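Visitor: Could you take me on a close look at one part, the place where chain B and chain A meet? I'm new to this, so please explain the terms along the way.

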Amino acid sequence: MKMTMSSTPDALLTPKKVADRRSASPHISMFGRMLLRAAVLRRRRAASALLAMIVAAAVATAMMNLYVDVQAKLRSEFRNYGANVVIVARDGQSLPADAIARVETVLGSNTLAVPFAYAVARTKDGQSVVVVGTDFARARQLNHWWKVSHWPDAPNQALIGMRAASVVISRASPDRQPFELTFRGNTIQLAPAGMLQTGAGEDSRIYLDQSEFQNWTGVAPSTIEVAANGTATEVESSIHELAQILPTADVRPVRQIMEGEANVLNKTRATLYASATLVVLTSALCVLATLIGWVFDRRRDFAIMKALGASERLVNGFFAAEAAALGVVGAIVGFFIGIGVAAWIGRVNFHAPVVPRFSVFPYVLAGSVAVALISAILPIELLRRVQPAIILRGE
Amino acid sequence: MFPRIVYESFRRQARRKLLAGIAITLGVAVATAMIAVATDIGDKINRELRSYGANLVVTPQEDTLDVEVGGVNLKPPSDGAFLNEADLPKIRGTFWHHNIVGFSPMLPVTVKLGGSQFSALSSPDVTLVGTYFNKALTFGKDEFSTGVRITHPWWKVSCGDGKESPNCTWPADDSQNVLLGERLAAKLGKKPGDTIEVSGRQLTISGMLTTGAAEDDQIVAPLAVPQQIIGKPGAVRRVYVSALTKPQDALAVRDPKTMTPEVYDRWYCSPYVQSIAYQLQEVIPHSHAEQIRQVAQNEGTVLSRIKGLMLLVTFAALFASALAVSAAMATAIFERRVEVGLMKALGAGNLTVSAFFFAEALLLALVGGIAGFSAGALLARQIGRSIFNSQISIEPVLFPIILAIAVFVTFAGSAAAIRRAVKFDPVFALRGEG
């Protein structure tokens, strides 16, 4: 044990004190004791090496966690673009009455499916206008971009598109005057609840509650818009399943939404991947620099061990075990810090927590130990060529 | 004497200096590349978001109501107001014309299909849409081309099997060739190369169009075709405009009529979707421009999320490279305590020794910083080319900033190690008990 003593200030302990302390401590193997003492006696250098290890493992964990989780996060952002699958009844037929329920059994109840039924009605002065029956609660969840001044909340209230408003609401009395619409001889009295603005086709339509619409026109929904979750392949298989349970309908992906999403997501993922690789490489470099310094700094221990007759295997094993221990401890501590960092980034940027991925732990652990071993072996290779006597002479 | 010591130190310990220099170079390169990517990512993702299609639509001010169900327009074709095709190139004359990626005019008309096979089907009504595919236009001296191939990138032309083929192509904008929506084609049993009779005209089908939307049931033709059918040359029903915009904030949604001149100038000169719409109305007479909220509203959120993410990742990269540089410097200095002991034994003061080390660090940082900046610029360019198919340009103003950061980080990393080296007792150092 002299070798660890010689290089430290508290080498001045008397041999008796040392012997007493040693006999009082629990018995562990010589190898284990050497490892432990080396860490305790050189704690400042060991701490700085460990710190580098922890920081690198934390950064790597955070990046891997983000890389896996961000795609799910972004995908849910993309669902704000609305439906990515649309189910249309063939040629003027309508969908079966239980179509929505069937869609939900296939895709799970957290999937949004919104029915739409269309009819062309006439106003009092004979103007044609498209009237749509839908489920307002669902449509509101699906189409976040709809700018609505007031959602209907009472029977016989309708949502009026900005352009359609000019047809049904007279300019003389713009406050909520009820108006009449006629479809195949049936007339309905509707009160405008609010205005709808989207900048697209919806602006020239009038929206009604589905059951009121059906009572009035007798027309059942012909279209269901679905926001299917998941990756492109998952959506693809959802489309396939939907086509099987609804054989009388066309199930189509909304290419505009699907391709836009795939495009942006792929680019973001690739950028994030490149950045994550760079960050992980840089932190590995940091560990390498610190550990090489640490091992190189202990060349005297190395020389003394060899001078005392330790075999090459033992010396190598000793330094490797030390490095591995450092890697394991650093990986474990760094992993938890990294998960914390990832969760923080998730909260700050996406306003939703990032779920900790324990599946990345083996990679972080393996990477840390590998980097630690490489940084231990490199200087040992250099030292091996040097005679112990030269190192001990201080050259 | 001082320069000589520094010079000799570099000459005699070339390998060790090289290691520290490499660490600095790599750290600076990563930092440069990340900063370049992070500053440019907004613009790049903005362009990718354009694959969602147009975010603005221009319609005639006095337009009548659209009566359209399932892609079939029930409105009489000559009804309502039109925009003038001749006004469209003026879109390039707006203040934010560099931000306008493309535009496509649309003129839908309802037509009857002719031909012998339709006698039994009593000639179905079909919507024929006229548009630009990739039309070359000029505005002043500015030559450009625009059309649905830019504004509607998800439109795919094939031979009906979903695969691209040289036989089935986009029609030329001055031809009488049309694209047939794939579901309409299946219904009619037509394939590319066939002719189709529309309102007494023989049009050649040059390909099948797949869009996943209403166009699958329609015929898409060069703009002149429907203009001839309804006998209104130059008529356009609406124009889709795809523009790069800035995420909306409190200023964006204010009404320009209530602004003070100063605020108005700031609003007008920001690429908000609202201000671009306002400028489009200015250049196209009797028009009404509006944002397509499905596209315009969501791209702001997606963009700010991705930008925020890259910013945080860049901080992580800067942190990691700062750490790597300081670790390398600390190691390099720690190894040289013997020299410090020798210098101090010969009578050098703490200040002289520190100055000597700092001069070395400065040299390393400058050389590493310059090399790292160039390497980082190359790395950023490589990332830009492989991911976004376009250049990521590096602002020259970044160079002094990066260099300053490199010097600062190298100094900060060295400071603790230098302090310890200077405080080390020369006797121990010379005895070799480092």
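Guide: Sure! Let's start with buried area: that's the accessible area (1.4 Å probe) that two parts lose on being put together, summed over both. The size of an interface is often given that way. Here, chain B and chain A bury about 6,100 Å² between them, with 64% of it on carbon and sulfur atoms. On the chain B side, Tyr52(B), Leu65(B) and Arg305(B) lose the most area to chain A, together 13% of what that side buries.

Before we go on, a word on what you're looking at: this is a predicted model, where local features need pLDDT of at least 70, side-chain atom pairs count only at pLDDT 80 or more, and totals for chains, interfaces and linings use all residues. Residues are numbered from 1 along each chain as its sequence is written, chains are lettered from A and ligands numbered from 1 in the order in which they are written, and side-chain values use heavy atoms, with hydrogens and water left out.

Now, who takes part? If contact means heavy atoms within 4.5 Å, chain B brings 73 residues and chain A brings 67. Some of them pair up by charge. A salt bridge is a side-chain nitrogen of Lys or Arg within 4 Å of a carboxyl oxygen of Asp or Glu, and there are 5 between chain B and chain A. One to find is Glu259(A) with Lys156(B), whose closest N and O atoms are 3.3 Å apart.

Then there are polar contacts: pairs of N or O atoms within 3.5 Å, where, within protein, one must be able to donate a hydrogen and the other to accept it, and residues adjacent in sequence count only if both atoms are side-chain atoms. Across this interface, 16 residue pairs fit that rule, both residues being at pLDDT 80 or more.

Which parts of chain B do the touching? Helices (H or I, at least four residues) and strands (E, at least two) are DSSP runs, numbered from the N terminus. The elements that each supply at least two residues to the side touching chain A include α2 (14-49), β1 (56-60), α8 (293-334) and α10 (350-388) of chain B. Of the elements, α8(B) gives the most, with 27 residues.

Finally, sort that side by class: Ala, Val, Leu, Ile, Met, Phe, Trp, Tyr, Cys and Pro count as nonpolar, Asp, Glu, Lys and Arg as charged, and the others, Gly among them, as polar. The side of chain B that touches chain A then has 38 nonpolar, 18 polar and 17 charged residues.
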